[in-house]
Amino acid sequence: MPMFVVEYSYTPETSSGRDDHRTDHRAWIQELVRRHTIRSSGPLADHSGAIFIVESADADTVTRMFSHDPFARAGLVDSVRVTEWQPKRGDASLRESTD
């Protein structure tokens with residue numbers, strides 16, 4: 001199944017709103033981790049956004065899925081970028097080898 005990198009960017013003005021919705025956001029992520037859809041995730045060190053590694057059928061499905069994130073529903077994500085990724089080395093590449 002294809003893998004995608006989802007990049008969130010945040011603005012400083014939404015920081016307190018993210019604090020208010022963080023518990024629901026983390027529960028939403030945890031459910032997708034449990035279903036092996038989100039393979040890895042975490043905030044950027046400078047708190048300007050987050051990265052998610054996602055396994056899904058296609059980019060449209062990923063975009064629809066991430067529209068349900070409590071942060072997105074509350075208007076706390078400034079921008080979202082979904083890019084298909086083809087891992088070749090490391091743990092993510094163990095699912096299938098094309099080299």
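In the hairpin formed by strand 2 and strand 3, where 5 residues lie between the strands, His47 adopts a positive phi near 65°. The model is predicted, so local features need pLDDT of at least 70 and side-chain atom pairs count only at pLDDT 80 or more, while totals for chains, interfaces and linings use all residues. Residues are numbered from 1 along each chain as its sequence is written, and side-chain values use heavy atoms, with hydrogens and water left out.

**The sheet**

Helices (H or I, at least four residues) and strands (E, at least two) are DSSP runs, numbered from the N terminus. Two strands pair if DSSP finds at least two bridges between them. The model contains an open sheet of 4 strands in the order 2-3-1-4, with antiparallel pairing. Its edge strands, each pairing on one side only, are strand 2 (38–43) and strand 4 (79–85). Neighbouring strands are turned against each other by 15° on average, direction ignored. Axes here are lines fitted to C-alpha atoms, for helices over the stretch in contact, and angles run from 0 to 180 degrees between N-to-C directions.

Strand 1 and strand 3 (residues 49–55) run antiparallel and are joined by 7 bridges. Within strand 3, Ala50 stands opposite Tyr8, and Ala50 is also the bridge partner of Pro43. Strand 2 and strand 3 pair in the antiparallel sense over 5 bridges.

**Two residues of strand 1**

Buried means under 20% relative accessible area, exposed means over 50%, and partly exposed lies in between (1.4 Å probe, protein chains only). Contact means heavy atoms within 4.5 Å.

Phe4 is placed in strand 1 and, at 2% relative accessibility, counts as buried. Residues up to four places away in sequence aside, Phe4 touches several others, including Phe52, Val54, Val62, Val82 and Trp85. Phe4 and Gln86 are 82 residues apart in sequence, yet their C-alpha atoms are 8.1 Å apart in space.

Glu7 is also found in strand 1, but counts as partly exposed at 28% relative accessibility. Leaving aside neighbours within four places in sequence, Glu7 is in contact with Ala50, Ile51, Ser79, Val80, Arg81 and Thr83. The C-alpha atoms of Glu7 and Asp20 are separated by 21 Å, although these residues are 13 residues apart along the chain.

**Helices against the sheet**

Helix 1 lies across strand 1, strand 2 and strand 3, and runs at about 155° to strand 2. Helix 2 lies across strand 1, strand 2, strand 3 and strand 4, at about 40° to strand 1.

In helix 2, the residues Val62, Met65 and Phe66 are buried. Seen down the axis of helix 2, its buried residues fall within an arc of 90°, so they line one face of the helix; the arc is that of the directions from the helix axis to the C-beta atoms. These buried residues pack against strand 1, helix 1, strand 2, strand 3, helix 3 and strand 4. The face turned away from the buried side carries the exposed residues Asp60 and Arg64.

**Aromatic residues**

Rings of Phe, Tyr and Trp (its six-membered ring) pair if their centres lie within 6.5 Å; planes under 30 degrees apart count as stacked, over 60 as edge-to-face and the rest as tilted. A search of the whole structure finds 6 aromatic pairs. Two of them, both edge-to-face, are listed below.

| Pair | Centre to centre | Angle between planes |
|---|---|---|
| Tyr10 and Phe71 | 6.1 Å | 80° |
| Trp28 and Phe66 | 5.1 Å | 85° |

Tyr10 lies in the loop between strand 1 (3–9) and helix 1 (15–34), and Phe71 lies in helix 3 (residues 70–73), so their pair ties together parts that are 61 residues apart in sequence. Tyr10 is buried at 13% relative accessibility, and Phe71 is buried with a relative accessible area of 1%.

The pair of Trp28 and Phe66 likewise links distant parts of the chain, with Trp28 in helix 1 and Phe66 in helix 2 (residues 59–66), 38 residues apart. Trp28 is buried with a relative accessible area of 14%, and Phe66 is buried at 3% relative accessibility.

One aromatic cluster is formed by Tyr8, Tyr10, Trp28, Phe52, Phe66 and Phe71. In addition, the charged end of Arg18 sits over the ring of Tyr10, 4.2 Å from its centre; a charge sits over a ring if NZ of Lys or CZ of Arg is within 6 Å of the ring centre and within 35 degrees of the ring normal.
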